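Trainee: Got a minute to go through this one with me? I'd like to pick it apart piece by piece.

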Amino acid sequence: MSLSPETTRVFKTVGMGLFTIASLAFFALTFVVELDFDDVPADEFEVHASAEFAERLQDLPHAPAYRMFYAVGDAMDAHNTAVIEEKGLGAADRTAFFERIDGDAANYDEALIEAHFPEGKKEGPSLRQKVKDYTGWMADNDWGSYEEFEKTLITKLDEVNEAVISEHGFSSGNRENDRYAVMTAGVPDWLKTGLWAFLIFGLAALAGFVHMYPDTKRKPGIHNTGIFHKKMQTRQWPAWVVMALLIGFYILLYQYAAFFAPQAALLEPLSRIMAGTASSQWFLYGFMYTLAMTVMGIRMMIKYRGNAYQQVRTVSVIFFQVAFAFTLPQILTLMQLPSMDIKSAWPLEYNFFFDYRVDEMMAAGTFGLFLFGWGIALFAIGVPVLTYIYGKRWYCSWVCGCGGLAETVGDPYRHLSDKRLGAWQIERWLVHSVLVFAVVMTGLVAYTTFTGDAEVLGVNSYSVRGTYGFLIGFVFAGAVGTGFYPVMGNRVW
């Protein structure tokens with residue numbers, strides 16, 4: 001028996017209210033939970049930290065993550081400056097170095113480098129060798145002018161200092177990961193017990209069930225639920241607010257994860273059990289992704305009950321997400337094996353041929369070779385054969401996590417997908433452009449991985465793969481792909 005419109009409205013309102021409370025509690029952790037480093041030893045940071053850096057952190061006043069983010073950044077900068085002065089080329093040392101050159105590029109040779117970095121000075125041989133490695137080619141070079149030589153030398157000495165920082169400090173390329181590791185160490189222990197995770201995420205799940213309860217009282221079949229009269233589902237201001245929040249969340253999580261150090265700490269007990277490691281931003285993301293798919297998948301099964309196809313398909317995407325995308329990689333990490341979502345095929349798994357991934361698999365022995373062979377067989381044989389037999393949607397609608405999120409979390413916005421011919425034509429161009437980009441990027445990366453040469457026909461493979469990862473892995477698949485659900489429908493990605 002269906003509930004009355006008034007009762008239905010009460011359940012929907014209460015469900016949305018509970019979800020709002022859970023969401024506010026989740027994000028409030030960044031602003032209310034104070035981090036401190038009073039009793040944290042340097043080796044807890046899991047970065048190139050020293051006792052001096054630990055003392056810098058212990059001197060910081062207790063503060064929430066949104067303020068500690070900048071305070072830790074300043075401490076890292078101060079540590080790097082100290083590292084350069086002690087082990088690299090500080091300002092005074094660089095001035096003295098240029099004085100030896102005396103305004104003449106012809107004076108620059110190996111003997112000058114040897115003279116400036118004698119035994120016992122700073123790092124002595126270590127720093128001297130770095131300067132030779134980065135600038136040795138400049139000696140006896142045909143320079144058009146001293147200014148050209150000086151500009152190049154300054155750039156190369158900066159690279160020397162960056163190499164020193166990479167060994168003893170916080171490198172620019174790994175800065176945000178280091179900041180996240182440092183801030184995680186300062187999260188209070190009471191947040192890592194699992195209780196607050198149960199309360200916040202449990203409340204969010206309960207909100208979903210309360211909101212969908214009236215749907216269980218309707219007869220099976222599609223109903224006129226007034227969807228085109230709801231601001232949240234008709235591109236009005238609430239939908240734009242949700243879109244902005246989703247995109248903002250993705251940007252912060254991908255680029256500035258340290259803001260979510262308290263939130264990741266919520267799942268510390270679960271991460272220790274499943275993976276044997278501290279909870280990371282990616283464990284947090286995977287857990288939230290899986291929880292959202294599961295709760296909204298149940299909603300899908302309620303909405304489409306009586307339709308066997310939809311029921312089985314929804315169970316399928318939830319199973320593959322829970323078992324293969326989230327749980328199995330954690331178990332592999334616990335077993336100290338390469339972590340891999342074995343159902344994710346290239347080009348979705350766009351970093352499969354990256355050198356560090358291949359090295360990781362090769363170092364794992366027989367199992368690593370199996371993963372490498374499985375990955376190649378999956379995209380070269382499995383995907384084409386299964387597509388030929390079952391059609392193109394067998395993967396996106398039944399197996400893929402991206403498609404699973406679109407079919408479950410994105411279902412309330414399904415009607416917003418653009419049905420015009422022009423949209424389909426744009427889609428064809430975009431899809432094939434991304435595929436061409438993926439093939440070219442993979443070819444360049446594979447060449448670098450197996451030859452060690454980063455330059456291919458004058459193109460740097462690391463630059464190409466960085467661009468591809470940013471555009472496809474972050475912008476389109478993450479921020480835009482999911483964030484645009486409320487205004488462009490669930491098929492936007």
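Mentor: Sure. Let's start with Cys-396, which is partly exposed, with a relative accessible area of 43%. Keep in mind that this is a predicted model.

Trainee: OK, so how far is the sulfur of Cys-396 from the closest cysteine sulfur?

Mentor: That distance is 5.4 Å, and the partner is Cys-400. A disulfide needs the two sulfurs within 2.5 Å, so this pair is too far apart for a bond.

Trainee: And what about Cys-400, which cysteine sulfur is nearest to that one?

Mentor: The sulfur of Cys-402, at 4.4 Å, and Cys-400 is in no disulfide.

Trainee: Is Cys-400 buried or exposed?

Mentor: Buried, with a relative accessible area of 4%.

Trainee: How many disulfides does the count come to, then?

Mentor: The count is 0.

Trainee: Switching topic. Which residues form the nonpolar patch on the surface?

Mentor: Trp-190, Leu-195, Trp-196, Phe-198 and Leu-199, and together they have about 560 Å² of accessible area. Trp-196 sits in helix H9, residues 195-216, and is partly exposed at 37% relative accessible area.

Trainee: Staying in helix H9, is Gly-208 buried or exposed?

Mentor: Gly-208 is buried, at 18%. Its C-alpha is 7.8 Å from that of Met-16, although the two residues are 192 apart along the chain.

Trainee: Now backbone oddities. Where is the peptide bond that's cis?

Mentor: Between Trp-346 and Pro-347, with omega near 10°. Pro-347 is in the loop that runs between helix H14 (308-334) and helix H15 (355-363).

Trainee: What else is in that loop between H14 and H15?

Mentor: Gln-336 is there. Its phi is positive, near 60°, and it isn't a glycine. Gln-336 also counts as exposed, at 72% relative accessibility.

Trainee: What does phi look like at Asp-102?

Mentor: Positive, about 60°, and Asp-102 isn't a glycine either. You'll find Asp-102 in the loop between helix H4 (91-101) and helix H5 (110-116). Asp-102 is exposed, with a relative accessible area of 60%.

Trainee: Last thing, helix H20. Where is the kink centred?

Mentor: On Val-475; the kink is about 40°, and H20 covers residues 461-483.

Trainee: And what does the side-chain oxygen of Asn-460 reach at the start of H20?

Mentor: The backbone nitrogen of Tyr-462, to within 2.8 Å.

How values were computed: Residues are numbered from 1 along each chain as its sequence is written. This is a predicted model: local features need pLDDT of at least 70, side-chain atom pairs count only at pLDDT 80 or more; totals for chains, interfaces and linings use all residues. Side-chain values use heavy atoms; hydrogens and water are left out. Patches are made of residues with over 30% relative accessible area and no salt bridge: like charges are joined within 9 Å, nonpolar side chains (Val, Leu, Ile, Met, Phe, Trp, Tyr) within 5 Å. Accessible areas come from the Shrake-Rupley method with a 1.4 Å probe; for residues, only the protein chains shown count as cover. A salt bridge is a side-chain nitrogen of Lys or Arg within 4 Å of a carboxyl oxygen of Asp or Glu. Helices (H or I, at least four residues) and strands (E, at least two) are DSSP runs, numbered from the N terminus. Buried means under 20% relative accessible area, exposed over 50%, partly exposed in between (1.4 Å probe, protein chains only). The bend at a residue is the angle between axes fitted to the seven residues ending there and the seven starting there. A polar contact is a pair of N or O atoms within 3.5 Å; within protein, one must be able to donate a hydrogen and the other to accept it, and residues adjacent in sequence count only if both atoms are side-chain atoms.
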